[in-house]
Amino acid sequence: MNKPKSKWIRIENTHEAIIDEETFKKVQIAMKERTKAIKTTGIIHNFSGKVFCKECGRYMRKKNSSKHEYLVCSNNRDGYDDCENKASIRYDELERIVLDAINKKIKAYYDEEILEQEKSKNNQNRFTSKIKSLEHQKKEILKKKEKTNNYLKSLYEDKVNGIINNEQFKELINNYNTEEARYNNRIKAIDEEINYYKAKKETLETNKMLFSKYEQLESLNRIIIEEFIDKIYISKINTETNTRNIQIK
Ligand SMILES: [Zn+2]
């Protein structure tokens with residue numbers, strides 16, 4: 001039935017999301033940055049909105065020659081010759097540098113994870129056997145508890161049959177209660193310990209799954225840059241050493 005918009009009722013989160021909220025937000029921001037880049041420079045490229053001049057803080061704009069693409073401080077346009085960071089940087093050069101830097105980071109984490117996995121294999125076995133032994137202990141205690149329960153029944157019988165008097169009965173019941181409480185406390189402690197080791201085992205398994213997605217990157221694209229890089233700063237060339245600093249955040 002068609003209804004006017006004023007009569008619509010809107011209820012959020014009734015369907016399972018196709019992508020999670022965080023990814024959705026990231027993409028929204030990325031799309032906004034893209035359109036911004038189109039408006040100001042007319043060009044969308046991988047590093048759009050990410051590369052800045054270390055000297056004056058302005059963005060590095062893209063400049064093309066017949067052979068190569070470059071980035072140069074946007075404060076260096078004709079008539080705005082204010083920034084001392086005059087030299088451009090080749091676009092493919094910067095891509096190579098950034099790709100290397102990202103891969104180095106991934107490798108550092110990846111190696112760490114391989115070590116961690118080896119360690120966790122052992123840990124996992126340790127946790128499993130620990131849980132097993134605790135479950136065995138619990139079983140033994142339950143057996144003992146069962147026995148004292150039977151003892152309680154025979155105690156009643158003895159009292160009914162006049163084998164023990166009231167005084168003796170009271171004392172034996174007291175003993176029984178203390179023992180029962182001790183068993184219950186022990187079982188509670190064991191249950192807590194079992195849960196602790198189970199949680200540890202689970203955490204290890206999730207970690208392993210998370211880290212296995214990391215691999216060496218072959219090339220850069222906008223999504224990778226969006227994921228890994230906040231900003232890149234290009235310094236002016238040091239004329240003595242003929243080098244320049246590139247800061248990747
Ligand atoms: Zn500059």
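**Strand pairing and cores in a predicted model**

Biologist: In which sense do S1 and S5 pair, and over how many bridges?

Modeller: This is a predicted model, in which local features need pLDDT of at least 70, side-chain atom pairs count only at pLDDT 80 or more, and totals for chains, interfaces and linings use all residues. Residues are numbered from 1 along each chain as its sequence is written, and side-chain values use heavy atoms, with hydrogens and water left out. Strands are DSSP runs (E, at least two residues), numbered from the N terminus, and two of them pair if DSSP finds at least two bridges between them. S1 and S5 pair in the parallel sense, over 3 bridges.

Biologist: Which residue in S5 stands opposite valine 51?

Modeller: S5 spans 232-234 and S1 spans 51-53. The residue in S5 opposite valine 51 is isoleucine 232.

Biologist: Why is one side of S1 and of S6 left without a neighbour in the sheet?

Modeller: The open sheet has the order S1-S5-S6, with mixed pairing. S1 and S6 (246-248) stand at the edges, so one side of each is left without a neighbour, as each has a single partner strand.

Biologist: In the sheet with the order S2-S3-S4, which residue of S3 is the bridge partner of methionine 60?

Modeller: This open sheet of 3 strands has antiparallel pairing. S2 is joined to S3 by 5 bridges. In S3, the partner of methionine 60 is cysteine 73.

Biologist: Which element supplies the largest share of the largest nonpolar core?

Modeller: A nonpolar core is a set of buried Ala, Val, Leu, Ile, Met, Phe, Trp, Tyr and Cys residues joined through side-chain atoms within 4.5 Å, where buried means under 20% relative accessible area with a 1.4 Å probe, protein chains only. The largest such core has 21 residues, and Phe47 and Leu94 have the most contacts inside it. S1, S3, H2 (91-160), H4 (222-228) and S5 each supply at least two of its residues. The largest share, 6 residues, comes from H2.

Biologist: Which residues does phenylalanine 47 touch, not counting residues up to four places away in sequence?

Modeller: Contact means heavy atoms within 4.5 Å. By this criterion, phenylalanine 47 touches Tyr91, Leu94, Glu95, Val98, Leu220, Arg222, Ile225 and Ile232.

Biologist: How many helices does the chain have?

Modeller: Helices are DSSP runs of H or I with at least four residues. Along the sequence, the pattern is α-β-β-β-β-α-α-α-β-β. Beside 6 strands, the number of helices is 4.

Notes. Buried means under 20% relative accessible area, exposed over 50%, partly exposed in between (1.4 Å probe, protein chains only).
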